[in-house]
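Student: Please take me through one part of this model in detail: the empty and filled spaces, starting with the pocket. I would like to know what lines each of them.

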Amino acid sequence: MAVLEVNNLKKSFDRTEVLKDISFSLEKGEVLSIIGSSGSGKTTLLRCLNFLERAEKGTIAVNGKEIFNGENLKKTPESVIRENRLHFGLVFQSFNLFPQYTVLQNITLAPTLLKRGTPEEIEEKAKSLIARVGLTEKTDFYPCQLSGGQQQRVAIARALALTPDVLCFDEPTSALDPELTGEVLKVIRDLKNGDCTMIVVTHEMEFAKSVSDKIMFMADGVIEEMGTPEEVFGNPKSEKTRAFLNSSLEQF
Amino acid sequence: MDQFLRVTGNLLEGFGMTLQIFAITLAFALPLGLIISFGSMSKFPPLRWLVKTFVWIIRGTPLMLQLIVIYYGPGLAAKWAQSLGSSFFLIDWIASWTLMERFTAVAVSFVINYACYFSEIYRGGIESISKGQYEAGQVLGMTKTQIFFKVVLLQVVKRIIPPMSNEIITLVKDTSLARTIAVYEVIWQAQAFIKRDGLLWPLFYTAVFYLVFSGILTLLFNYIEKKMSYFRS
Ligand SMILES: Nc1ncnc2c1ncn2[C@@H]1O[C@H](COP(=O)(O)OP(=O)(O)OP(=O)(O)O)[C@@H](O)[C@H]1O
Ligand SMILES: [Mg+2]
């Protein structure tokens, strides 16, 4: 059964349709990379999944259970939305760590507020996540004392602390100096081996090619093409995909 | 020497009143300002408009004028209402306190005035926190209240300390306006020496009291600022 099933998602801002009828599904443990030119709606799609934006039409189901339906948008109370968004995690382009908390506190804050176990359990889990992203010696550092790559790894650990069903990344390395992207991509690669279901919006084509089970190419709010990395990169069916891949190749 | 001690004693007494005005204003205006700032950021336009107009009026007129209006205003208004023949227990009651406790009038006007100034500082601080901080809290399943108190508040506090310390040091000096309605704070006490004994120097001497107190406050704010320098936001 699919972990995630999205059907006919639509979202507009004012009168511009940003997502036009998005449908796709994802199996457990799969990694989906979303590529596409600027303004094609990639961020908006992730934000709809995390309920930072409300789509006006369509459905989202996780593990077979419908958690969002554009039809009864108005009737859904805030607490239910809060509950449902915990199926998803989101790692931001700009990290958004809480500056006044240490690495450990950044990770334990939400589980503590959501009463996800005893303080000892929460701390133990946080520490194992910190080890997993390779930052044990930075446990008590503040975000301002970390490099961008380290901050992003903390952000990943923070998202994992709530064990989301699907972890989303919005261009996790775009705000980083080129020499720091590797350490973050490595963490994401390791997560894949740990059976984490992920959606990664990225401009790193090599990374997308090597880590993904599926590639989605978005253009103007629609899924122009979706398939395995071999299909999309090796043998793109759509003219738009081909043009996009060529132009992104030229940049390197 | 004798005279110096006498003057110092009197001025200290006056400065006690100054400190009372200062403390009461802070104690009430700090929380009230937060409530007003929420009003001015409300998603409900009529409320936002009302609160913003109120803040504009208070910030746009002299505190001295507000003091006089609050001291004399209610009584005069009630008398006027009575003269028009209306007799309602509330109006009669207000008319009976034409001379509201002077100190109460000072406290009320200072609290309202400073709450409005503080509210603008709070609003600036709250609005300066990036959207990403709220969204990070949201995707981690926190409630709005949790996000405000656990994520945003301390960052706001850190950012508003410099403007707040300015405003609070201004308050120290503004307390002298209380003498407009004959509340015997330190300047009033010093002026009494001019009338009574022809002494001018006690008035200059009051500067020492202000300077010592604002000096202590400055040190305190520097200390808080240093305490919060462990993070950057
Ligand atoms: N809050 C908003 N209000 C109005 N328009 C918006 C809003 N957010 C996004 N848009 C518009 O929606 C479109 C898609 O934006 P989105 O951020 O999803 O693109 P993207 O694919 O993530 O692009 P990029 O690669 O530059 O990050 C853009 O045209 C953008 O201007
Ligand atoms: Mg984007």
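Tutor: Start with the largest pocket. This is a predicted model, and in it 24 residues line that pocket. Nearest its centre lie B:Met41, B:Lys43, B:Ile126, B:Tyr134 and B:Lys144. The space in the pocket comes to about 810 Å³.

Now the elements behind that lining. Both chains take part: helix H2 (78–85) of chain A supplies at least two residues. So much for chain A; from chain B, helix H5 (102–128), helix H6 (131–139) and helix H7 (144–174) each supply at least two as well. H7(B) gives the most, with 4 residues. By class, the pocket lining divides into 10 nonpolar, 5 polar and 9 charged residues.

Next, the enclosed space. Rolling a probe the size of a water molecule over the atoms shows where empty space is left. The count comes to 1 cavity of 30 Å³ or more. About 100 Å³ of space lies in the largest cavity. Its lining holds 15 residues. A:Leu90, A:Arg158, A:Ala159, B:Val139 and B:Leu140 lie nearest the centre of this cavity. Two or more lining residues come from each of strand S6 (88–91) of chain A, helix H5 (148–160) of chain A and H6 of chain B. S6(A) gives the most, with 4 residues. The class split for the cavity lining is 13 nonpolar, 1 polar and 1 charged. H6 of chain B thus appears in both linings: it supplies at least two residues to the pocket and two or more to the cavity.

Then the filled site, around ligand 1. The surrounding residues are all in chain A. A run of them goes from A:Ser37 through A:Ser38, A:Gly39, A:Ser40, A:Gly41, A:Lys42 and A:Thr43 to A:Thr44. A:Phe13, A:Val18, A:Glu171 and A:His203 complete the shell. Helix H1 (residues 42–49) of chain A gives the most to this shell, with 3 residues. By class, the shell has 2 nonpolar, 8 polar and 2 charged residues.

Three side chains make polar contacts with oxygen atoms of ligand 1. For A:Thr44, a side-chain N or O atom is 2.5 Å from a ligand oxygen. For A:Ser38, the distance is 2.6 Å. For A:Lys42, a polar side-chain atom lies 2.8 Å from a ligand oxygen. On its own, ligand 1 has 630 Å² of accessible area, and the protein covers 58% of that.

One last feature of chain A is a hairpin. Strand S4 (residues 57–62) and strand S5 (residues 65–69) run antiparallel, joined by 4 bridges. A:Ile60 has A:Phe68 in S5(A) as its bridge partner. Between the strands there are 2 residues, and A:Asn63 takes a positive phi near 50° in this hairpin.

Technical notes:
Residues numbered from 1 in each chain as written. Chains lettered and ligands numbered in written order. Predicted model: local features only at pLDDT ≥ 70, side-chain atom pairs only at ≥ 80, totals over all residues. Heavy atoms only, no water. 1 Å grid on protein atoms, 1.4 Å probe; cavity = no way out; pocket = protein on both sides within 12 Å on 5 of 7 lines; lining within 4 Å. Points joined across faces, edges and corners; volume = space filled by probe spheres on them. Nonpolar A, V, L, I, M, F, W, Y, C, P; charged D, E, K, R; others polar. Near = heavy atom within 4 Å. Polar contact = N/O pair within 3.5 Å; in protein donor to acceptor, adjacent residues only side chain to side chain. Areas by Shrake-Rupley, 256 points an atom, 1.4 Å probe, with all protein chains shown as cover. Pairing = 2+ DSSP bridges.
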